[in-house]
Amino acid sequence: MIGCGEKGFLSVKIKVRGFGGHSSMPPTESAIGKAAIIMQRLESDQMKPVMTPLINQFFTNVGGSMPFINRMAIANQWLLKPVLLSQLTKNNSTNALVRTTTALTMMKGSDAPNVLSPEVEFVVNFRLLPGNTVKDVKQHIAEVTKGFEVEIEEIDTVKEASAVSPTNTKAFKLIESAIKEIHPSAIATPYLTVGATDAYKYQIVSKNIYRFMPIKINNAEKQSIHSTNEYLSIENYMKMIHYFEYIMRNYDKQ
């Protein structure tokens, strides 16, 4: 999977105000109850899924190795696109490929079990699909919080989704040939990188930016990323060396 683009990044802190006081005389609506309604709206009414050209190309490339029903839906999107998108959004991994995702990550309220906090705050992280903008997400947040007294603050890094790099380039074709050299049976395909990388910084000098590591990892290795005992097998390490050596030796031969 060759990352021809990557998702954007926006985290916002939403502060919700209500009545504070002692829990023995609670109001009919608490700040934490209001926050819960907003959070439920954010999860149940997410931004619409979209089949972007990049992901359409990805599914077209890998479709041959998928079950018949999936192949039929991919080949007949003029008729079955709503069904296809519905199925894709039911899986965490494929959902991230077709929409701007919403993740509730942090929350803070009262510091005591018998105290009503007059203000509750929570953080929601959005990963922006190419085609959606930070402005679009802010408008979505405004609609979801309508009717509540809230304060919205951007926190951490804010980054638009990257541009999508073309696949009809010398660089992309070289990566494909390097993959075939190291993993002969693998299907090379353009892909959307759902995590954040530094690659977007190269957009000021090139339109051809590709995110790729020539490794095949299992679930245990995947779970170790950014965690305790993060590691990579020696076999993968050697294949990475082989890959970069191939790129450097063959770039001028294309």
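With a relative accessible area of 67%, I234 is exposed, where exposed denotes over 50% relative accessible area, buried under 20% and partly exposed the range in between (1.4 Å probe, protein chains only). The model is a predicted one, in which local features need pLDDT of at least 70 and side-chain atom pairs count only at pLDDT 80 or more, while totals for chains, interfaces and linings use all residues. Residues are numbered from 1 along each chain as its sequence is written, and side-chain values use heavy atoms, with hydrogens and water left out.

I234 is placed in helix α9 (residues 234-250); helices (H or I, at least four residues) and strands (E, at least two) are DSSP runs numbered from the N terminus. Together with I217, I225, L232, Y237, M238 and I241, I234 forms a nonpolar surface patch with about 660 Å² of accessible area. Such patches are made of residues with over 30% relative accessible area and no salt bridge, nonpolar side chains (Val, Leu, Ile, Met, Phe, Trp, Tyr) being joined within 5 Å and like charges within 9 Å, and accessible areas come from the Shrake-Rupley method with a 1.4 Å probe, only the protein chains shown counting as cover for residues.

The structure holds nine salt bridges, each defined as a side-chain nitrogen of Lys or Arg within 4 Å of a carboxyl oxygen of Asp or Glu. In one of them, the side chains of E6 and R211 meet at 2.8 Å, N to O, and this pair links distant parts of the chain, with E6 in strand β1 (residues 2-6) and R211 in the loop between β8 (190-193) and α8 (219-223), 205 residues apart. Both E6 and R211 are buried, and with K159 they are linked in a network of salt bridges. A further salt bridge joins the side chains of E121 and K13 (3.8 Å, N to O); because E121 lies in strand β6 (residues 119-128) and K13 in strand β2 (residues 8-17), this pair ties together parts that are 108 residues apart in sequence.

K159 also lies over the face of Y200, at 4.5 Å from the ring centre, and the charged end of K170 sits over the ring of Y251, 4.2 Å from its centre; a charge is taken to sit over a ring if NZ of Lys or CZ of Arg is within 6 Å of the ring centre and within 35 degrees of the ring normal.
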